[in-house]
Amino acid sequence: MARITLRQLLDHAAEHAYAVPAFNINNMEQGLAIMQAAAAVDAPVIIQASRGARSYAGDIMLSYMIDALEEMYPDIPLCMHQDHGNDEATCASALAHGFTSVMMDGSLKADAKTAADYDYNVDITRRVVDLAHWIGASVEGELGVLGSLELGGGEQEDGHGVEGKVSHDQLLTDPGQAVDFVRATRVDALAIAMGTSHGAYKFSRKPDGAILAMRVVEEIHRRLPNTHLVMHGSSSVPQPLQDVFNAFGGEMPQTWGVPVEEIVHGIRCGVRKVNIDTDCRLAMTAVFRRVATQSRTEFDPRKFLKPAMDAMRDLCRERFEQFGGAGQASRIKVTPMSEMARRYRAGELDPRIDSPATIAA
Ligand code: G3H
Ligand code: 13P
Ligand code: ZN
């Protein structure tokens with residue numbers, strides 16, 4: 001059995017200076033692609049399911065799928081994580097279905113569209129932390145609203161994200177507030193806003209510091225060197241995938257994602273979890289388009305799904321290697337959730353935050 005909590009995994013990643021990509025899944029093929037890639041390079045994995053994925057596949061199907069992946073790959077530590085939980089009920093029901101970690105995204109209200117205020121975020125995140133830590137599960141919180149600095153707003157591509165215009169300040173996590181937030185909530189990992197957004201259409205040009213504010217990551221890491229940071233919206237939307245998609249009838253306008261070298265820079269500044277969904281979708285659907293165009297008589301879904309799965313596997317493998325996770329799986333001995341619960345109760349996993357005087361120095 002190798003189901004690991006986010007906290008244990010990210011503590012290991014911090015100790016050995018790497019990050020773990022968190023790939024979203026909705027179906028068996030995506031789960032297999034991730035695990036095949038992980039096994040090929042001996043990397044630990046984070047698999048995450050959004051609320052949309054849970055309603056698409058169903059909680060029972062998803063939880064048996066994860067059981068199956070765990071049984072097929074017993075040597076790969078596997079963290080099962082709720083992506084963008086919107087309230088306590090979503091987080092509690094994920095834990096009841098075998099998730100070892102949840103994100104309580106209190107940057108938005110429960111409708112996942114309205115920006116929440118700071119006190120709302122602290123209150124709801126702290127409640128979820130209290131609940132999860134009793135059973136040894138981990139919690140990721142989010143401070144700052146994800147969205148484009150170019151457009152001054154969130155993304156609605158996936159039906160999740162802030163609606164309407166939001167201020168520049170809301171789109172960039174305040175480093176001082178981040179210290180307060182981690183202290184007040186005791187989250188195990190902190191998602192921060194620095195100009196990334198979900199979906200394919202992140203940037204209208206190769207991003208520079210004006211639209212991808214890596215300085216925010218640097219400053220938060222300076223103040224919170226022991227906190228595991230999370231970058232959402234971190235697909236790179238690789239040009240070759242855009243080209244294949246468009247060569248076979250797709251109509252994706254030219255777009256730019258988060259360059260891998262920026263993520264690698266983030267990893268040097270405390271980023272330990274990197275969320276990737278769009279790249280996996282694009283890798284698979286580019287292949288669907290190619291097969292549908294090149295083999296016009298084909299009607300066996302496996303002839304579409306197998307090469308699509310291979311394309312996603314290759315993408316995942318590349319990210320494991322680029323983020324430094326290759327070779328780490330076999331170095332991890334999974335701690336049971338009951339022991340994690342004991343450590344939380346004993347205060348052994350409380351946030352380690354330096355005093356303001358030490359930070360300023
Ligand atoms: O949160 C964003 C992820 O890309 C999940 O997207 O809600 O369409 O499953 P989704
Ligand atoms: P992308 O849309 O960039 O893949 O981001 C996914 C994500 O952040 C899921 O939480
Ligand atoms: Zn996200």
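Begin by selecting β3 (78-85), β8 (271-276) and α11 (278-294), each of which supplies at least two residues of the shell around ligand 2. The model on screen is a predicted one, and the values given along this tour are computed from it.

**Stop 1: the shell around ligand 2**

With ligand 2 displayed, add the 14 residues that surround it, of which the closest are H232, S235, N275, D277 and T278. If you colour this shell by class, you will find one nonpolar, 10 polar and three charged residues.

Now pick out T278, which lies in helix α11. Is T278 buried or exposed? T278 has 24 C-beta neighbours inside 10 Å, and so it counts as buried. Leaving aside residues within four places in sequence, the contacts of T278 are with G199, A200, S235 and V237; S235 is itself among the residues closest to ligand 2. If you then select F23 as well, the C-alpha atoms of T278 and F23 turn out to be separated by 9.3 Å, although these positions lie 255 residues apart along the chain.

**Stop 2: R272 in strand β8**

Stay with β8 and select R272, which lies in this strand. R272 is buried, because 26 other C-beta atoms lie within 10 Å. Beyond its neighbours within four places in sequence, R272 is in contact with L10, A13, A14, A19, V20, A189, H228 and L229. A second selection, V287, gives a contrast with the T278 and F23 pair: R272 and V287 are 15 residues apart in sequence, yet their C-alpha atoms are 30 Å apart in space.

**Stop 3: helix α8**

Next select helix α8 (residues 214-223), in which M214, V216, V217, I220 and H221 are buried. Looking down the axis of α8, you will see these buried residues fall within an arc of 150°, so they line one face of the helix. To see what covers them, show α7 (175-185), β6 (189-192), β7 (228-231), α10 (260-268) and β8, which are included in that cover.

**Stop 4: two loop residues with positive phi**

From α7, follow the chain into the loop between α7 and β6, where R186 is found. R186 has a positive phi of about 65°, although it is not a glycine, and with 18 C-beta neighbours inside 10 Å it counts as partly exposed. Then move to A17, in the loop between α1 (6-15) and β1 (20-24). A17 likewise is not a glycine and has a positive phi, of about 60°, but A17 is exposed, with 11 other C-beta atoms within 10 Å.

**Stop 5: the nonpolar core**

The largest nonpolar core has 101 residues, and I34, V45, V102, L190, I192 and M312 are those with the most contacts inside it. Which helix gives the largest share of this core? That share, eight residues, comes from helix α12 (residues 301-322). Selecting V45 lets you look at one of the well-connected positions, for V45 touches I34, M35, A38, I76, L78 and C79, not counting residues up to four places away in sequence. In soluble globular proteins, nonpolar side chains tend to be buried together.

**Stop 6: the whole chain**

Finally, zoom out to the full protein, which has 14 helices and eight strands. Its radius of gyration is 19 Å, close to the 21 Å that the globule rule gives for 361 residues, so the protein is as compact as a globular protein of that length. Along its principal axes the C-alpha trace spans about 65 × 45 × 35 Å, and buried residues make up 50% of the 361 residues. Of the contacts with a separation of 6 or more, 76% are between residues 24 or more positions apart.

Definitions and conventions:
Residues are numbered from 1 along each chain as its sequence is written. Chains are lettered from A and ligands numbered from 1 in the order in which they are written. This is a predicted model: local features need pLDDT of at least 70, side-chain atom pairs count only at pLDDT 80 or more; totals for chains, interfaces and linings use all residues. A nonpolar core is a set of buried Ala, Val, Leu, Ile, Met, Phe, Trp, Tyr and Cys residues joined through C-beta atoms within 7 Å. A residue is buried if 20 or more other C-beta atoms lie within 10 Å of its own, exposed if 12 or fewer, and partly exposed in between; C-beta atoms are placed from the backbone. Helices (H or I, at least four residues) and strands (E, at least two) are DSSP runs, numbered from the N terminus. Two residues are in contact if their C-beta atoms, placed from the backbone, lie within 7 Å. The radius of gyration is taken over C-alpha atoms; the globule rule is 2.2 Å times the number of residues to the power 0.38. A residue is near a molecule or strand if its C-beta atom, placed from the backbone, lies within 6 Å of it. Ala, Val, Leu, Ile, Met, Phe, Trp, Tyr, Cys and Pro count as nonpolar, Asp, Glu, Lys and Arg as charged, and the others, Gly among them, as polar. The arc is that of the directions from the helix axis to the C-beta atoms.
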